[in-house]
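User: I would like to learn how to read the features of a protein model, beginning with burial. Please take one residue as the example and then widen the view.

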Amino acid sequence: MQAQTPAATDFSQQNANWQNKRLAGLTAPSGWLSLIGLDWLKEGANRVGSAADNDLVLKAGPAHLGVVTLSKDGSTHIVFDKHSGATVDGKTVPEATLVDDMHAGDGAPSVVAFGSASFLVIERDGRKALRVKDSNAETRTHFQGLDYYPADPSWRIVADWVPFDPPHELEIGSVLGTVNKEKVPGKAVFHRDGHTYELMPIQEEPDSLFFVIADRTSGKETYGAARFLYADLPKDGKVVLDFNRAYNPPCAFTPYATCPLAPPENRMDLAVTAGEKNYRGSHH
């Protein structure tokens with residue numbers, strides 16, 4: 001057996017570290033595996049709790065948690081049942097106005113916690129929903145682990161960066177059937193097996209590029225809707241695409257997430273045999 005070069009050992013170690021961090025985030029008590037509900041609010045009063053007589057029936061928590069009111073102006077306010085035992089951001093209060101994920105600014109959205117479960121309000125396409133989590137969710141407690149293609153340095157590709165000035169607009173659909181227009185700062189162009197491929201990222205965070213991609217393994221060995229890939233910002237006209245770090249969106253693990261789909265521009269006629277595969281517990 002050949003001894004690994006220091007560079008190969010370094011690559012394997014960095015890749016293993018990345019996979020361990022990925023797994024830790026996914027399996028954390030409030031990670032994506034803890035989702036147990038995505039309940040859309042109607043305008044007006046919404047009675048919430050685990051009993052069947054609520055408007056929104058939760059899979060965990062007290063029989064009657066309280067009433068969430070969605071106002072015409074889009075604000076959400078909760079009044080708790082006096083026996084709910086719930087808290088808002090760690091405080092016991094009789095009622096509270098809840099900040100959703102799109103209006104939290106630099107802060108965090110309000111978290112309503114009750115026992116091992118919690119929810120926050122999310123806004124998607126002008127609609128509001130409760131995203132409900134439970135650290136005791138079966139999807140979390142019975143998780144079987146992640147599967148990857150063998151780490152392969154040849155899939156760590158240095159692509160050419162072609163900036164767009166002004167940025168292009170890209171339409172990205174979601175599993176909810178919505179379409180968002182996203183700004184694209186440029187495109188990554190790379191060559192593989194004699195062919196040229198282009199990928200367009202969106203910039204969710206100021207310090208990284210975010211690619212929503214699909215390829216010939218999608219729907220077969222890998223998750224069908226898309227895989228996600230982050231890259232550092234371009235440097236000297238180059239951007240590093242490490243497909244060993246392509247990973248499944250939350251929708252691969254739970255029906256209660258609202259993931260983007262790979263846009264046609266990012267569907268490659270290439271089998272990317274790197275990164276995360278369909279996971280063992282996959283039943284979607």
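Analyst: This is a predicted model. Burial is read from relative accessible area, with buried meaning under 20%. Thr87 has a relative accessibility of 17%, so this residue counts as buried. Thr87 belongs to strand S6, which covers residues 87-88.

User: Which residues is Thr87 in contact with, apart from its neighbours within four places in sequence?

Analyst: Contact here means heavy atoms within 4.5 Å. With those sequence neighbours set aside, the contacts of Thr87 are Thr92, Val111, Val112 and Ala113.

User: How should the chain as a whole be described, and what share of its residues is buried?

Analyst: Of the 284 residues in the protein chain, 46% are buried. The secondary structure consists of two helices and 16 strands, and the C-alpha trace extends over about 65 × 50 × 30 Å along its principal axes. The accessible surface amounts to about 14600 Å², with 51% belonging to carbon and sulfur atoms.

User: What share of the contacts with a separation of 6 or more joins residues 24 or more positions apart?

Analyst: Such pairs account for 56% of those contacts in the protein chain.

User: Let us turn to charge. How many positive and negative charges does the protein chain carry, and how far apart are their mean positions?

Analyst: The protein chain has 28 positive and 36 negative charges, and their mean positions are 3 Å apart. A mean position describes the whole chain, so a local view is a useful complement. Glu204, Glu205, Asp207 and Asp232 form a negative surface patch.

User: Is Asp232, a member of that patch, buried or exposed?

Analyst: The cut-off for exposed is over 50% relative accessible area. Asp232 counts as exposed because its relative accessibility is 61%. This residue lies in strand S15, residues 227-232.

User: How many salt bridges are counted, and how is one of them to be read?

Analyst: A salt bridge requires a side-chain nitrogen of Lys or Arg within 4 Å of a carboxyl oxygen of Asp or Glu. By this rule there are 14 salt bridges. One example joins Asp100 to Lys128, with an N to O distance of 2.5 Å. This pair links distant parts of the chain, 28 residues apart: Asp100 is in the loop between strand S7 (95-98) and strand S8 (112-114), whereas Lys128 is in strand S10 (residues 127-134). Both Asp100 and Lys128 are buried.

User: Which parts of the chain does the salt bridge between Arg227 and Asp215 tie together?

Analyst: The side chains of Arg227 and Asp215 meet at 3.3 Å, N to O. Arg227 lies in strand S15 and Asp215 in the loop between strand S14 (208-213) and S15, so the pair ties together parts 12 residues apart in sequence. Arg227 counts as buried at 1% relative accessibility, and Asp215 is buried with a relative accessible area of 8%.

User: Which residues are joined into one network by salt bridges that share partners?

Analyst: Lys42, Arg47 and Asp55 are joined in this way. Within this group, Arg47 forms a salt bridge with Asp55, and the closest N and O atoms are 3.3 Å apart.

User: How are Arg47 and Asp55 classed by accessibility, and why?

Analyst: Partly exposed is the class between the buried and exposed cut-offs. Arg47 is partly exposed because its relative accessible area is 39%. Asp55 is also partly exposed, as its relative accessibility is 37%.

Methods: Residues are numbered from 1 along each chain as its sequence is written. This is a predicted model: local features need pLDDT of at least 70, side-chain atom pairs count only at pLDDT 80 or more; totals for chains, interfaces and linings use all residues. Side-chain values use heavy atoms; hydrogens and water are left out. Helices (H or I, at least four residues) and strands (E, at least two) are DSSP runs, numbered from the N terminus. Buried means under 20% relative accessible area, exposed over 50%, partly exposed in between (1.4 Å probe, protein chains only). Accessible areas come from the Shrake-Rupley method with a 1.4 Å probe; for residues, only the protein chains shown count as cover. Lys and Arg count as positive and Asp and Glu as negative; His and the chain ends are not counted. Patches are made of residues with over 30% relative accessible area and no salt bridge: like charges are joined within 9 Å, nonpolar side chains (Val, Leu, Ile, Met, Phe, Trp, Tyr) within 5 Å.
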